[in-house]
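Please explain how this protein is put together, starting from its overall dimensions and going on through its sheets, the helices packed on them, and its internal and open spaces.

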Amino acid sequence: MISEIFSQQGALGKAIPGFHPRQAQIDMAEAVHSAIGAEQQLVVEAGTGTGKTFAYLVPALKSGKKVVISTGSKNLQEQLFHRDLPLIVKALDFFGHIALLKGRSNYLCLERLDRQILESHTGEVDTAQFSELVKVRHWSSETKTGDLGDCDDVAEDSLVIPLITSTNENCLGKECPRFAECFVSKARKKAMDADVVVVNHHLFLADLAIKETGFGELIPEAEVFIFDEAHQLPDIASQYFGQSLSSRQLHELAKDIEIGYRTEAKDMRQLQKVAEKLRQTSMDMRLELGEPGFRGNWRDVVNQPSIQRSIERLQDALQFAFDVLKLALGRSQLLDSAYERATVISGRLNRICDVSITGYSYWFDTTPRHFSLHITPLSVADKFHEQMTIKQGAWIFTSATLAVNDDFGYFCHRLGLKPVRQFSLPSPFDYEKQARLCVPRYLPEPNYFKMSDVLADMLGPVIEGNGGRCFFLCTSHQMMKQLGEKFRETLSIPVLMQGETSKQKTLAEFMSLGNALLVATGAFWEGIDVRGDTLSCVIIDKLPFTAPDDPLLKARIEDCRLQGGDPFSQVQLPDAVITLKQGVGRLIRDAQDKGALIICDNRLVTRDYGRLFLASLPSIPRTRDLAVIQDFLKTISQKN
């Protein structure tokens with residue numbers, strides 16, 4: 001039945017213009033069909049171009065079972081819901097209900113919007129912010145979903161969004177005066193009633209770990225769970241099975257206390273003092289934690305006298321909040337909720353300061369204005385396996401990057417999986433003809449302090465000769481900035497750098513220019529799909545091993561060592577191989593694409609483990625001569 005649907009004369013061939021059967025796609029679809037029928041675990045690595053989305057959608061929709069599909073990001077989630085699913089629904093004449101469910105921070109909270117507008121009339125008004133609030137209120141009377149992504153008047157990074165959306169901590173739940181109109185509640189009700197629900201990993205794991213209050217179960221009960229971009233799951237799961245406390249939470253608590261004072265408890269001036277003290281102590285602590293953009297080991301700093309003083313002041317501020325809010329109980333739902341949040345935050349702070357509990361990494365990170373404190377479990381395998389046991393059914397995991405040299409052990413071990421089947425499907429692309437790979441000669445060691453100068457001098461002519469059309473993927477922000485600045489000084493083509501505007505705007509500009517170099521790091525290593533001759537060269541500065549001083553990595557290494565393992569081969573190496581596969585996957589996205597890949601790291605050819613990296617990549621013809629790459633790129637340009 002499944003193979004017939006994927007044939008040229010089948011349902012897909014009739015409904016989708018230009019559809020061609022692919023054996024790898026059929027093999028995956030039949031494996032998914034079998035796993036669903038037998039309620040088994042299945043792990044499939046599907047190379048770029050396999051058509052894995054259709055390969056899991058067809059058997060999922062044909063199964064007649066309740067299905068949850070989880071993707072790696074909101075962008076992929078929307079693409080699946082708005083582009084891929086409608087095609088399959090039409091082809092299969094599927095009559096079931098399909099729902100899109102996002103996290104609560106994507107939906108307008110009508111109660112918080114009302115409060116913000118009311119407060120704007122009582123305090124000092126930021127005119128630009130007030131203008132946005134008025135536009136959102138007008139849009140709120142027209143929208144059926146409340147999804148702020150559909151509100152064109154508000155930018156995705158607008159400072160207004162946190163003020164008009166709810167969080168786990170500040171949601172009033174069924175006590176909210178506008179609960180009957182709540183967009184989050186409506187979206188979840190629709191998901192509960194749907195046959196197929198599309199979520200993302202963050203939302204799915206939040207549900208597993210937290211079981212949000214006020215709405216019952218976040219993700220509806222299902223019989224089939226499918227994870228696309230599944231390689232991201234272990235790291236995201238670590239976030240949700242741990243605990244975090246951030247200065248943003250403290251600022252939001254202070255803001256709500258202030259609103260409660262100005263609108264519903266004007267006689268309680270102490271509330272204003274509480275808000276000011278919470279804000280000030282969190283800002284003081286941010287300064288004590290040092291430079292922005294830093295990720296450090298909390299165990300190393302928690303006992304420093306200056307940090308201890310900051311913690312004590314923060315505990316005093318939370319106790320003050322608790323005492324004053326207790327006197328305001330019953331005055332307003334907002335202040336009642338703030339009382340509960342102050343209690344939760346205080347307990348979380350005490351837990352994070354108890355660094356004696358083993359099995360966790362304790363770490364912190366800083367931005368220019370905020371800090372976050374985190375406890376992250378070193379392994380989520382037991383907890384994830386327990387959830388799979390509770391929620392019986394079929395569990396299907398797929399991505400283009402799950403295996404290390406055809407071995408799925410690393411991925412399966414991290415999630416506690418015991419799949420009945422696990423296999424790789426090769427990409428249908430002809431890498432022998434479509435691509436070339438170069439590890440240039442005469443490279444210094446990767447940690448050479450003037451490496452950015454060497455790379456700029458060596459690769460500038462290649463990039464210039466190719467007319468841009470290049471991604472330069474870096475393993476650190478420092479290298480990205482150094483290279484970006486040098487290329488702007490020396491190249492005549494446009495040079496874009498990640499972080500100067502949003503990811504979407506940067507990518508749109510790269511594609512519209514058609515002759516640009518984009519220098520980027522983390523966020524551009526995966527989930528980016530640039531087809532055609534706009535991108536014909538991908539350069540990677542070095543093998544993407546996680547920085548050895550990263551506190552999460554250090555804790556995982558120590559844990560591996562305590563269990564008698566080899567941290568390099570069991571933790572660092574598999575992580576780096578999977579990340580490299582993601583970066584390499586940016587180059588060839590289509591059967592017509594052609595391009596060159598340059599990896600600037602001698603270790604690929606001088607170290608024994610280099611063979612593991614190469615064996616995990618597609619079989620691309622290799623050279624060490626940059627002139628060969630330049631000739632190949634010229635040939636591509638001439639044909640285009």
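**Overall form**

For a chain of 640 residues, a compact globule would have a radius of gyration near 26 Å, and because the protein itself has 26 Å, the two agree. This is a predicted model, so the description that follows concerns computed coordinates. Taken along the principal axes, the C-alpha atoms fill a box of roughly 75 × 60 × 55 Å, and within the protein there are 27 helices and 18 strands.

**The parallel sheet**

We can begin with an open sheet of 7 strands, whose pairing is parallel and whose order is β14-β15-β13-β16-β17-β12-β18. Its edge strands are β14, covering residues 495–497, and β18, covering 622–623, and each of these pairs on one side only. The partner of β14 is β15, residues 517–520, which runs parallel to β14 and is joined to it by 3 bridges; within this pair, M497 stands opposite V519 of β15.

Two helices can be placed against these strands. Helix α21, residues 477–490, lies across β13 (470–473), β14 and β15, and runs at about 160 degrees to β14. Helix α24, residues 567–584, packs on the sheet as well, where it touches β13, β16 (537–540) and β17 (595–599), and its direction makes about 155 degrees with that of β16.

**The antiparallel sheet**

Strands of a sheet pair through backbone hydrogen bonds, and this pairing may be either parallel or antiparallel. An open sheet of 4 strands, in the order β6-β9-β8-β7, shows the antiparallel arrangement. Here β6 (243–246) and β7 (295–297) stand at the edges with a single partner strand each, so one side of each is left without a neighbour in the sheet. Direction ignored, neighbouring strands of this sheet are turned against each other by 20 degrees on average.

The edge strand β6 is joined by 4 bridges to β9, residues 371–377, and the two run antiparallel, with S244 standing opposite H374 in β9. Helix α16, residues 333–353, packs on this sheet and touches β6, β8 (360–366) and β9, its direction making about 115 degrees with that of β6.

**Enclosed and open spaces**

Turning from the sheets to the spaces, the count comes to 1 cavity of 30 Å³ or more, and the largest cavity has a volume of about 210 Å³. The lining of the largest cavity is made up of 22 residues, among which C109, E111, S166, C171 and C176 lie nearest its centre. The elements that give two or more residues to this lining are α6 (110–122) and α9 (183–193), and the largest share, 4 residues, comes from α6. By class, the lining of the largest cavity has 13 nonpolar, 3 polar and 6 charged residues.

Among the pockets, the second largest has a volume of about 510 Å³ and is lined by 28 residues, of which G47, K581, S616, L617 and P618 lie nearest its centre. Two or more residues of this lining are given by each of β1 (41–46), β11 (421–425), α24 and α26 (610–616). Helix α24, which also packs on the parallel sheet, provides the largest share of the pocket lining, 3 residues. By class, the residues lining the second largest pocket divide into 14 nonpolar, 10 polar and 4 charged.

Notes: Residues are numbered from 1 along each chain as its sequence is written. This is a predicted model: local features need pLDDT of at least 70, side-chain atom pairs count only at pLDDT 80 or more; totals for chains, interfaces and linings use all residues. Side-chain values use heavy atoms; hydrogens and water are left out. Two strands pair if DSSP finds at least two bridges between them. Contact means heavy atoms within 4.5 Å. Axes are lines fitted to C-alpha atoms, for helices over the stretch in contact, and angles run from 0 to 180 degrees between N-to-C directions. On a 1 Å grid over the protein atoms alone, a cavity is a set of points where a 1.4 Å probe fits but cannot get out, and a pocket is an open set with protein on both sides within 12 Å along at least five of seven lines; lining residues have an atom within 4 Å of a point. Grid points are joined across faces, edges and corners, and a volume is the space filled by probe spheres set on the points. Ala, Val, Leu, Ile, Met, Phe, Trp, Tyr, Cys and Pro count as nonpolar, Asp, Glu, Lys and Arg as charged, and the others, Gly among them, as polar. The radius of gyration is taken over C-alpha atoms; the globule rule is 2.2 Å times the number of residues to the power 0.38.
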